[in-house]
Amino acid sequence: MHEAVPRPFEDLPHELLRKRVRDIASGVEGVLMAVVREDVSDTPACERWVQLAYVRGPSGREMSTAVANIEAV
């Protein structure tokens, strides 16, 4: 029998998905590819959830930043 494994993240809707954004912390501009609620804790006993935005920059690589750090371009 297969045990259910908890998901370490959850996709969230966002009005800027697939639109050009800027990460105000780094100045990087790109396309918002995803917003997720992610468990960044070390152990399941002490969960710590944060909301992260994944931005694909001009190089094609994606970077993560706090959702509060993104703004429309």
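How many bridges join β2 to β3, and in which sense do the two strands run? In this predicted model, β2 and β3 are antiparallel and are joined by 3 bridges. Within this pairing, R20 is positioned opposite V31 of β3. The two strands form a hairpin in which 5 residues lie between them, and G27, located in the turn, adopts a positive phi of about 85 degrees.

Strand β2, comprising residues 20-23, also pairs with β6, which spans residues 70-72. This second pairing is likewise antiparallel and involves 3 bridges, with D23 opposite I70 of β6. The two faces of β2 differ in their surroundings: V21 and D23 make up the covered face, whereas R20 and R22 make up the uncovered one.

V21 and I70 both belong to the largest nonpolar core, a set of 9 residues that also contains L12, L16, L32, V35, A53, V55 and V67. Two elements, β3 (29-39) and β4 (49-56), each contribute two or more residues to this core. For V67, when residues up to four places away in sequence are left out, the contacts are H14, V35, Q51, L52 and A53. Of these contacts, V35 and A53 are themselves members of the core.

Aromatic residues were examined separately. A search of the whole structure returned 0 aromatic pairs. The ring of W49 is nevertheless accompanied by a charged side chain: R37 lies over the face of W49, at 4.3 Å from the ring centre.

Notes:
Residues numbered from 1 in each chain as written. Predicted model: local features only at pLDDT ≥ 70, side-chain atom pairs only at ≥ 80, totals over all residues. Heavy atoms only, no water. Phe/Tyr/Trp six-rings, centres within 6.5 Å; stacked < 30°, edge-to-face > 60°. Lys NZ or Arg CZ within 6 Å of the ring centre and 35° of its normal. Core = buried A, V, L, I, M, F, W, Y, C linked by side-chain atoms within 4.5 Å. Buried < 20%, exposed > 50% of the residue type's maximum accessible area, 1.4 Å probe, protein only. Helix = DSSP H or I, 4+ residues; strand = E, 2+ residues; numbered from the N terminus. Contact = heavy atoms within 4.5 Å. Pairing = 2+ DSSP bridges.
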